[in-house]
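Let's take a walk through this structure together, one piece at a time. Keep the picture open while you read, and turn it around whenever a new part comes up.

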Number of protein chains: 2
Amino acid sequence: MTLDERKKLILESIIKDYVETAEPVGSRAVVKKHGLKISAATVRNEMSDLEDMGYLEQPYTSAGRIPSQKGFRYYVDCMMEQENLDDKETEVLLHLLDDSFQEVNDLVQKIGHFLAQITNYTSFVIVPSVRLSKFKYLQLIPIEPGKALVLLVTDLGVVMHRNIEVPHSITAPELDLMGRMFNQVLAGKKITEIQRSDLQQLRDELKQRRKVIDHALEAIESLLDNSNEERVIISGALNIMNEPEFKDVDKLKKIMAFLEEETQLMDMLPESLGDEVDIRIGQENQAEDFKELSLVFAGYRSQGEQGKLGLMGPVRMEYWKAVGSLDSVREIIEEIIRKRF
Amino acid sequence: MTLDERKKLILESIIKDYVETAEPVGSRAVVKKHGLKISAATVRNEMSDLEDMGYLEQPYTSAGRIPSQKGFRYYVDCMMEQENLDDKETEVLLHLLDDSFQEVNDLVQKIGHFLAQITNYTSFVIVPSVRLSKFKYLQLIPIEPGKALVLLVTDLGVVMHRNIEVPHSITAPELDLMGRMFNQVLAGKKITEIQRSDLQQLRDELKQRRKVIDHALEAIESLLDNSNEERVIISGALNIMNEPEFKDVDKLKKIMAFLEEETQLMDMLPESLGDEVDIRIGQENQAEDFKELSLVFAGYRSQGEQGKLGLMGPVRMEYWKAVGSLDSVREIIEEIIRKRF
DNA sequence: GATTAGCACTCAATAGGAGAGAGTGCTAAC
DNA sequence: GTTAGCACTCTCTCCTATTGAGTGCTAATC
């Protein structure tokens, strides 16, 4: 279904106006704001047509029109020109990053924060699990008699650690040796590839120090369990409160509660994303509490894993800005990852 | 100023009722709910007195009365019996903790979460800076050619780390040696006590590896900078939304924005706390955005440092429960810290 | 045939007013 | 000192009238 130019123009006017004001847009307003050379009556006729086609709707009989979700969908699919970060914004972002991050996740988190700031929407970042990263380094470090630290580093620079108990009698060189044996068996393996058999092998080789091994393995398993999960980081949740559609505390509460449950957001997104920025408008979202929100999201890849990041806002969203920012930012992320890791 | 028994009884009735319903309380309600043997008219006279004394106020001429902030203050100072955690709650908490924390801060954070859950208020935990903790252990760990990890452990089990760059030529034993030298100079010192002179000494002793030393020192300084700051952890912020006094989104937004700025909350609390649970009712708070909220907080000490934790809710708060829970929990924390660290 | 001006019509939003109800404060009796 | 009784006050809710933005239709115009 394609629309003639005039209808497109009118639809666009209404969308821009409505996005800005959150009020229904009348025929006169369309003519005035955009200096069209046709009369309000003509616009009314066109608007009536657009309503019949489902792109507009009327809150009540004699109000102006607001874009329907289908209208927004048509707009983003067929008409929208995305508005990337301008030079100044890019500069601010690059300055903000400025090497002050320790690992990929820090980087992405900062970018999420930035996105929320410049768009005034709520951003989310899903940092990938370390399932696919490689086991790079492990060490057992004596901290004090009876206590040691298991330190584990993956190839993406993620450092994990956990305290364990060890017999008082154990010496530092012994711990060191054990660490080395762990390394020999596990080094270079993907986290997912570590098998029970590997762990068993370790147990066998280090029989005489069974207790330490057991504790260390427990610690490692617990670290892996923890890090198997994707994490969601949300920034700018307060921005939702600025939108007039959420001046009702109950609605707000539902959304906030939804956001607090990390998994819910993850479940809403597809397993893996292509190279495009994806848009989910209102009803297109599965979750009941999300039918009044839109989601704009994209994947970024970092060495074989996929992370996701995106923005959420009201259906009445500046999609052009959201999509553009996200697109720009995605490129910047991948560029940095390529260079630094 | 002390009140006679009957006035106390009436004040208490009104407070309990108002805390529960958030509605002004009338004289008849007082008589009915608490089965008093005096008539409503008598209660009215007493209420009038209480209003003159400033303990009650009337939203408008012919509504019931609500406790004034002074009324609440009198109540918590002179009448309140705190309601500690009961056995079941304590058990739930202990079960929740169950050794599954790595360091003090994990522990306190979990407790904050628990507090928010059982009280339905918003909890905050201020974990102390590591300024006062002692430097326990440092190691330089080679990760890959050109990269190493600075690992720093304090006596409270806090593990910090940072990546640094090192010359490709450096060997693992060399790094190890350097780590040991760091340890020799720094071990056992309080973080605050580490002086420029110590760092200079290191620089001198390890002249030939100046670059590594510089990077490592930078990393350490940056770690210390970071950890010099106290952190605030907030749980159950959503609970505020349940209170009828905050059904207005604008108020809500102000409070949430306030909470997002960690330092603001810290600035509101006194530098150091005694052994009592402290209460700040409404106007007693400095911050403008907090004049409608009450704060109940206490300090906990862990090896010379003081952390703080507390609850915030509307002025119409169940102080007895908040104070009691906090008091119970504080004991539990200190008990665990004594045992485990 | 498309466009436009004109006008009646619709419906939310706002304001004003009446009535109900909760609760007080006062007075007079106990 | 306490209480019953009653007038009074003030909010809340419902109702109605009014306003105004914006439409939809019709008939005239380009």
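Before we start, one term: helices are DSSP runs of H or I with at least four residues, and they are numbered from the N terminus. With that in hand, you can find α3(B), which gives the most to the surface near DNA strand D, with four residues. Keep in mind throughout that this is a predicted model.

Let's begin with how the two protein chains are arranged. How many degrees of rotation superpose chain B on chain A? The rotation is 180°, with 0.0 Å of shift along its axis, and the RMSD is 0.2 Å. That is the relation of a two-fold axis. To find the axis in chain B, look for V249(B): its C-alpha is the nearest one in that chain, 3.1 Å away from the axis.

Now for the place where the chains touch. On the side of chain B there are 30 residues in contact with 30 residues of chain A. As 100% of the interface residues of chain B are interface residues in chain A too, the copies meet through the same surface. Together the two chains bury about 2600 Å² between them, and 61% of that is on carbon and sulfur atoms.

What holds your eye at this interface, apart from the carbon and sulfur? Two salt bridges are found across the interface of chain B and chain A. You can look one up yourself: K136(B) forms a salt bridge with E144(A), and their closest N and O atoms are 2.4 Å apart. As for polar contacts, four residue pairs make them between chain B and chain A. Which parts of chain B build its side of the interface? The elements giving two or more residues each are β4 (135-144), β5 (147-154), β6 (159-165) and α10 (249-260) of chain B. Among these, β4(B) provides the largest share, seven residues. Sorted by class, this side of chain B has 15 nonpolar residues, along with six polar and nine charged ones.

Time to move on to the DNA, starting with strand D. There are 21 residues around DNA strand D, and those that come nearest are S27(A), R6(B), T42(B), T61(B) and S62(B). Which part of the strand faces the protein, then? Of the strand D atoms within 4 Å of the protein, 77% belong to sugar or phosphate, and the rest belong to bases. You can see both kinds of partner up close. T42(B) has a polar side-chain atom 2.3 Å from a phosphate oxygen of DNA strand D, and R6(B) has one 2.8 Å from a phosphate oxygen of that strand. R44(A), on the other hand, puts a polar side-chain atom 3.1 Å from a base nitrogen of DNA strand D.

Both chains take part here: α3 (40-53) of chain A and α3 (40-53) of chain B each supply at least two residues of the surface near DNA strand D. The residues of that surface divide into six nonpolar, ten polar and five charged.

Next, swing round to DNA strand C. It is surrounded by 21 residues, the closest being R6(A), S39(A), T42(A), S62(A) and S27(B). Sugar or phosphate accounts for 77% of the strand C atoms within 4 Å of the protein, with bases making up the rest. Zoom in on T42(A), where a side-chain N or O atom is 2.4 Å from a phosphate oxygen of DNA strand C. S27(B) brings a polar side-chain atom to 2.6 Å from a phosphate oxygen of DNA strand C. For a base, try S62(A), whose polar side-chain atom lies 2.4 Å from a base oxygen of DNA strand C.

Which element gives the largest share of the surface near DNA strand C? That is α3(A), with four residues. α3 of chain A and α3 of chain B each supply at least two residues here. By class, the surface near DNA strand C has five nonpolar, eleven polar and five charged residues.

One last stop, inside a single chain. Over all chains, the count comes to 36 salt bridges. R338(A) and E335(A) form one of them, with their closest N and O atoms 3.5 Å apart. These two residues are separated by about one helical turn, because they sit three residues apart in helix α12 (residues 319-340) of chain A.

Conventions
Residues are numbered from 1 along each chain as its sequence is written. Chains are lettered from A and ligands numbered from 1 in the order in which they are written. This is a predicted model: local features need pLDDT of at least 70, side-chain atom pairs count only at pLDDT 80 or more; totals for chains, interfaces and linings use all residues. Side-chain values use heavy atoms; hydrogens and water are left out. Copies are superposed by least squares on the C-alpha atoms of residues with pLDDT of at least 70 in both. Contact means heavy atoms within 4.5 Å. Buried area is the accessible area (1.4 Å probe) that two parts lose on being put together, summed over both. A salt bridge is a side-chain nitrogen of Lys or Arg within 4 Å of a carboxyl oxygen of Asp or Glu. A polar contact is a pair of N or O atoms within 3.5 Å; within protein, one must be able to donate a hydrogen and the other to accept it, and residues adjacent in sequence count only if both atoms are side-chain atoms. Ala, Val, Leu, Ile, Met, Phe, Trp, Tyr, Cys and Pro count as nonpolar, Asp, Glu, Lys and Arg as charged, and the others, Gly among them, as polar. A residue is near a molecule or strand if one of its heavy atoms lies within 4 Å of it.
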